[in-house]
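Take a look at the protein below and turn it around slowly on your screen. Then let us walk through it together.

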Amino acid sequence: MTDSIVINEVGPRDGLQSQKKHLDLDQRKSFVDALVRSGLKNIEIGSFVSPKAVPQMAGTGELLQSLSQVKGLTYSVLVPNQKGYELARMAEARTVALVVSATETMSQKNLRMSVEQSFAAAEGIIHEAKLDSITIQAYLSVAFFCPFEGSVSASLVRDQARQLAEFGADEIVIADTIGAADPAAVRDLMNGLVEEYGSERLACHFHDTRAMGLANVYAAIESGVRKFDSSVGGLGGCPFAPGAKGNVATEDVVMMCHQMGFETGVDISILLKAVELISSLTESQQGGRAHYWLSNNVA
Ligand code: COA
Ligand code: ZN
């Protein structure tokens, strides 16, 4: 088993998409640059979605092109549909986070497609991505609990993950979009998925709505998962999923991983500077659960 954990920082997308304060492109770029300085190697920098639906993410193509493409750094962008994929390709994205939802209502609310339509679209996009040499991270949202339909069955999620794997997704990301998972549910689902696909092809995305974000990360680590989404300062939330609070905070995940003996490549004291920056840019104090401790003991 590897002794490192990959952190995929989603603050510039999941974090900023729901902020009242809309950042301009220079501010978004300065945020991404601050995250890179901390040692993060995987960053979701924005999304190609309707600017009418999510004005905070307008200009993601320009942002992507303004970032220097350094070897070993992966900047991903989220897309909900074919149009988003085409815009991402035009902006020369190399890694695309493609979203589908486990439940019908969430799919309609977030993507305006049925589950069947969105899976058909995903199959086409993944096929195109192979030809375009673009890496696809397929996100299965509301994989534990849906704000509209309640509990989501693990067997449904396993079937949907299998479909995404068969389409050829490079990575399957199990997303607890509103933060309603618990460690037992995570263990039950992820044990089976890790056995089926191996840890290389899986990642988890947790929100901290019920204070179980870190417990869920721990449960997934125990199941063999080695890649996690998180958001510096615990920024985040989905404007289309009522009740979604911020992502599990990157500084909390990094601290726990380091204390458990895993490497992440992230320097927490520099990461805290990115928290300071985003607090000042969003004009609201951000910070994970360990923020006070870390600020006084690490920085
Ligand atoms: N990127 C940019 N614009 C997009 C787009 C995309 N991926 N998908 C659709 N649009 C545009 C359409 O061109 C159209 O623009 P217009 O009004 O100027 O003609 C407008 O969005 C609405 O299109 P419509 O055909 O009515 O809807 P749709 O079904 O194609 O798209 C969504 C609907 C869901 C894609 C769109 O509402 C959206 O982007 N929502 C945000 C989803 C999101 O970010 N969720 C959180 C992250 S998971
Ligand atoms: Zn999320």
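This report covers the overall build, the salt bridges and a few single residues.

## The overall build

Before anything else, keep in mind that this is a predicted model. The protein has 12 helices and 10 strands. Its radius of gyration is 17 Å, close to the 19 Å that the globule rule gives for 299 residues, so the protein is as compact as a globular protein of that length. If you drew a box around the C-alpha atoms along the principal axes, that box would be roughly 50 × 40 × 35 Å.

How many of the residues count as buried? Of the 299 residues, 56% do. Now think about which parts of the chain touch each other. Among contacts with a separation of 6 or more, 74% are between residues 24 or more positions apart.

## Surface and charge

The accessible surface of the protein comes to about 12400 Å². Carbon and sulfur atoms account for 50% of that surface.

The protein carries 25 positive and 35 negative charges. The mean positions of these two sets are 4 Å apart.

## Salt bridges

Side chains of opposite charge can pair when their charged atoms come close. In this model the count comes to 12 salt bridges, and three of them make good examples.

Start with R13 and D14, whose closest N and O atoms are 3.7 Å apart in a salt bridge. Are these two residues buried or exposed? R13 has a relative accessible area of 7% and D14 has one of 2%. Buried means under 20%, so both residues fall in that class. The pair also belongs to something wider, since a network of salt bridges links R13, D14 and E44.

Next, find R89 and E128, whose side chains meet in a salt bridge with an N to O distance of 3.0 Å. This pair links distant parts of the chain: R89 sits in helix 4 (residues 82–90) and E128 in helix 6 (residues 115–132), 39 residues apart. R89 is partly exposed, at 32% relative accessible area, and E128 is partly exposed too, at 21%.

The third example is R187 with D188, where the closest N and O atoms are 3.4 Å apart. R187 is partly exposed, with a relative accessible area of 43%, and D188 is partly exposed at 48%.

## A buried leucine

Where is L202 found? Look for L202 in strand 9, which covers residues 202–206. With 1% relative accessibility, L202 counts as buried.

Leaving out residues up to four places away in sequence, L202 touches E171, I172, M190, L193, V194, Y197 and K227. For a sense of scale, try finding F48 as well: F48 and L202 are 154 residues apart along the chain, and their C-alpha atoms are separated by 23 Å.

## Two loop residues with positive phi

Finish with two residues that have a positive phi although neither is a glycine. For E92 the angle is about 65°. E92 lies in the loop between helix 4 and strand 4 (95–101), and E92 is exposed, with a relative accessible area of 52%.

For S133, phi is about 55°. You can find S133 in the loop between helix 6 and strand 5 (135–141). S133 is exposed, at 54% relative accessible area.

Terms used. Residues numbered from 1 in each chain as written. Chains lettered and ligands numbered in written order. Predicted model: local features only at pLDDT ≥ 70, side-chain atom pairs only at ≥ 80, totals over all residues. Heavy atoms only, no water. Salt bridge = Lys/Arg side-chain N within 4 Å of Asp/Glu carboxyl O. Buried < 20%, exposed > 50% of the residue type's maximum accessible area, 1.4 Å probe, protein only. Helix = DSSP H or I, 4+ residues; strand = E, 2+ residues; numbered from the N terminus. Rg over C-alpha atoms; globule rule 2.2 N^0.38 Å. Contact = heavy atoms within 4.5 Å. Areas by Shrake-Rupley, 256 points an atom, 1.4 Å probe, with all protein chains shown as cover. Lys, Arg positive; Asp, Glu negative; His and termini not counted. Charge placed at Lys NZ, Arg CZ, Asp CG, Glu CD.
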